Amino acid sequence: MTTTPIDQLTALSEDEVVTHSYVKHVALPSGGTLALITLDNGKDYKRPSTLGPRTMRELSGVLDELRAAAAAGTVQAVAITGKEYCFAAGADLSQAAALPSREVAHELGVLGHATLRKFSELGVPSFAFVNGIALGGGLEVALHCTYRVFSSAAQGIGLPEVFLGIIPGWGGATLLPRLIGPEKALRVIVENPLKNNRLMDGKAAVDLGIGDALIPSVTFLPSAVAWADGVVSGRTKVVRKNEPGMIEKAAWGTIVKVARQQVTSKIGSVPKSPFRALDLVAAAKSGSLEERFAGEDDALADLLAGDQFAASMYAFDLVQKRAKRPVGAPEGVDAKKVTKVGVLGAGLMASQFALLFARRLGVPVVITDVSQERVDAGVARIRQSVDEMLAKGRVSQDDANRITALVSGSVSYDAFADADWVIEAVFEEMGVKQEVFRKIEQVIAPDAILATNTSSLSVDEMASVLQNPERLVGFHFFNPVAVMPLLEVVRASRTSDEAVATALSVAKTLKKTAIVTADQPGFVVNRVLARVLGEAMRGVEEGTSFETVAEGAAPLGLPMSPFELLELVGLPVGAHVLDSHYAAWPERFYPGDGLKRIAKHGTILTRDKKGNATGYDSAAVKLVAPSKKDAHPVDAAEMQRRFEDALADEVHRMLEDGVVQHVEEIDLGLILGAGYPFQAGGISPYLDRSGASERVFGGTFHEPPIVGPASR
């Protein structure tokens, strides 16, 4: 029996947690009745209400009944709100990765539009009372209403679809630009999602013009009803200052064009969803809703059926679920309670550590260095950072006072005598690290845990100078420390379960995601990046242009070119990373000799006054260019194949070497530690799709490969 796309969509939603539409009739103070719909999935605040096919059909039926009631004169207005803390958290994507075809994906868009349009076709005004989370389809519910008010306590408001490899496909890409203009709409639809999915609160939504009023949370629902009554009775006049006028409409195309250039310069052209969103915002200027919504349906169907959305769902699952339970965590072992932290070093990185420990752990933190001058500078740097957070409203005055009071400095290791956790942030040289650990062990308690922030040096070799080597664990942060969410917890051959358990507990308290890795050069993230950067330097030193090498690397999905990445981490640091990996595996890693020459010069890229890259420094190019007779340049396609095969080889070796247990930990590390976008899903889904996995080791990292229905 042949099933239609709508039948297949229905079948996929059999296990949906339905968000019901409960209707209550509320008497308006000025007379008449408001029908109040409450969206509620029957779960507590930990399970926000979502909008799946069955939910949408129920809501559609309720809206039909209310339209009939409005026509009969028994209802003068309709409002919709959500359960406590949640308006609606968007479309139910739990089954989206299982969509069997583009046609079924298209039906999901059509169903959303057909349902939500009914808010504007009731024959009476409709109101959205946004009381909490309003994400994606949830915010689109509000956009279809005639008016919108937001609670002053509402958090988690936005259109994050581009972050997940799709677009706001239930009206958001059309209605929002028409409500607040293309420039502000693009901030919500494209810019915020690409900035690590930045969201708004109720006040920001109202300031932007998405909401018509901000209502105190203490009396939100009765006050929202009273506000709606004022609108219905004519007492309250709604003025929308941000609605696009003639000037903005005339500049509409230019605004989108500039935004397109900015997106391309920041993330390249590989991710599809931002550019489909830009297309839809450009088209939103004119045309009927039927035409514009049909465009959203097509864009949503294309993206849902594509490989990037499948990779996004894989990445989303890694970050939301797998990250919360680190693979390799010791079972049945209690973490040591940390009541005081010691930081070896007082430089920039050490200061960032100390601030983070004091802020998140709430325990005394002492920093130390070779001179009082350096210690004082470190403490002053921390206090300045606290003052800056206070000025930006990121901490309260009480919190600022508490953090500042917790941090102290000393030139004597005796200050660490009662510390439970001591981490080093000294120069990245084995002898230096061994010396400070040898000295500190003479002072600290026998059961205190030691941690190293090394990015590539052997934890085992460091531990070899200790009387109790089992107490040392790797604890590798990524820079900037306060921003990057990843921590690599390195278990050396003699690291104890208690040390690992304590490291994971500390990481969790610091609000970081940890992956447990074996003690091998580069651990996870730097080992992968070293292979990429090495192939990039091999390319230019063999005579391929910097532009061609960057073009060959672009399809990998890295957030920037290899050469931009080198400048970001620091050219001397990059050269050190290449050398340390070359020393371990000279047969496949490339040495940093050429990069050292560029490091002395100081730069690879040329930049404009705003700091944007404009090209490659001619002097840097000459420093690594071979002679004409020794040059063997290749094209971008060959560079791409080299990058792909090198990565497939290295990731496969890492799994065989037991650096981590599963490829998912490598992908999680690249997403959170190297900024791989969700659409890439880390690196392994891409390597399977590109054929590199099959070319290199005759298999795939995932079976079946992580691809969309169009590829299946």
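# Reading a protein model, step by step

Guide: Let's start close to the end of our tour: Pro-704 sits in the segment after α29 (692-697). Please keep in mind that this is a predicted model.

Visitor: What kind of peptide bond joins Glu-703 and Pro-704?

Guide: As a general idea, most peptide bonds are trans. The bond between Glu-703 and Pro-704 is cis, with omega about 0 degrees. You can find another cis bond going from Asn-479 to Pro-480, where omega is near 0 degrees. Pro-480 belongs to the loop between β15 (472-477) and β16 (486-491).

Visitor: Phi is another angle I keep hearing about. What is the phi of Tyr-85?

Guide: Most residues other than glycine have a negative phi. Tyr-85 is not a glycine, yet its phi is positive, about 70 degrees. Look for Tyr-85 in the loop between β3 (77-82) and β4. Asn-196, also a residue other than glycine, has a positive phi near 55 degrees, and it lies in the loop between α6 (182-194) and α7 (202-208).

Visitor: Is Asn-196 buried or exposed?

Guide: The idea is to look at relative accessible area: under 20% is buried and over 50% is exposed. Asn-196 has 67% relative accessibility, so it counts as exposed. Tyr-85 is exposed too, with a value of 52%.

Visitor: And which residues does Leu-143 contact, leaving aside neighbours within four places in sequence?

Guide: Its partners are Arg-148, Gly-172, Leu-175, Leu-176, Leu-179 and Ile-210. Leu-143 is part of helix α4 (residues 137-144), and with a relative accessible area of 7% it is buried. Gly-306 is buried as well, at 17%, although it lies in a loop, the one between α12 (289-304) and α13 (307-320).

Visitor: How do I read a pair of strands? How many bridges join β1 to β2?

Guide: In a regular strand the side chains alternate between the two faces of the sheet. Here, β1 (residues 20-27) and β2 (residues 33-40) run antiparallel and are joined by 8 bridges. To see one such pairing, find Lys-24, whose bridge partner in β2 is Leu-36. The two strands make a hairpin with 5 residues between them, and Gly-31 in the turn has a positive phi of about 110 degrees.

Visitor: What is the order of the open sheet of 3 strands?

Guide: The order is β4-β6-β8, and the pairing is parallel. The edges are β4 (86-88) and β8 (157-158); each has a single partner strand, so one side of each has no neighbour in the sheet. Between β6 (residues 133-135) and β8 there are 2 bridges, and Leu-135 has Gly-158 as its bridge partner in β8.

Visitor: Now let me zoom out. What is the radius of gyration of the protein chain?

Guide: The value is 28 Å; a compact globule of 712 residues would be near 27 Å, so the two agree. The C-alpha trace spans about 85 × 65 × 55 Å along its principal axes. The protein chain holds 29 helices and 19 strands, and 54% of its residues count as buried.

Visitor: How should I think about contacts along the chain?

Guide: Take the contacts between residues at least 6 apart in sequence: 74% of them join residues at least 24 apart. A separation in sequence can also go with a separation in space: Leu-143 and Leu-571 are 428 residues apart along the chain, and their C-alpha atoms are 48 Å apart.

Notes: Residues numbered from 1 in each chain as written. Predicted model: local features only at pLDDT ≥ 70, side-chain atom pairs only at ≥ 80, totals over all residues. Heavy atoms only, no water. Helix = DSSP H or I, 4+ residues; strand = E, 2+ residues; numbered from the N terminus. Rg over C-alpha atoms; globule rule 2.2 N^0.38 Å. Buried < 20%, exposed > 50% of the residue type's maximum accessible area, 1.4 Å probe, protein only. Contact = heavy atoms within 4.5 Å. Pairing = 2+ DSSP bridges.
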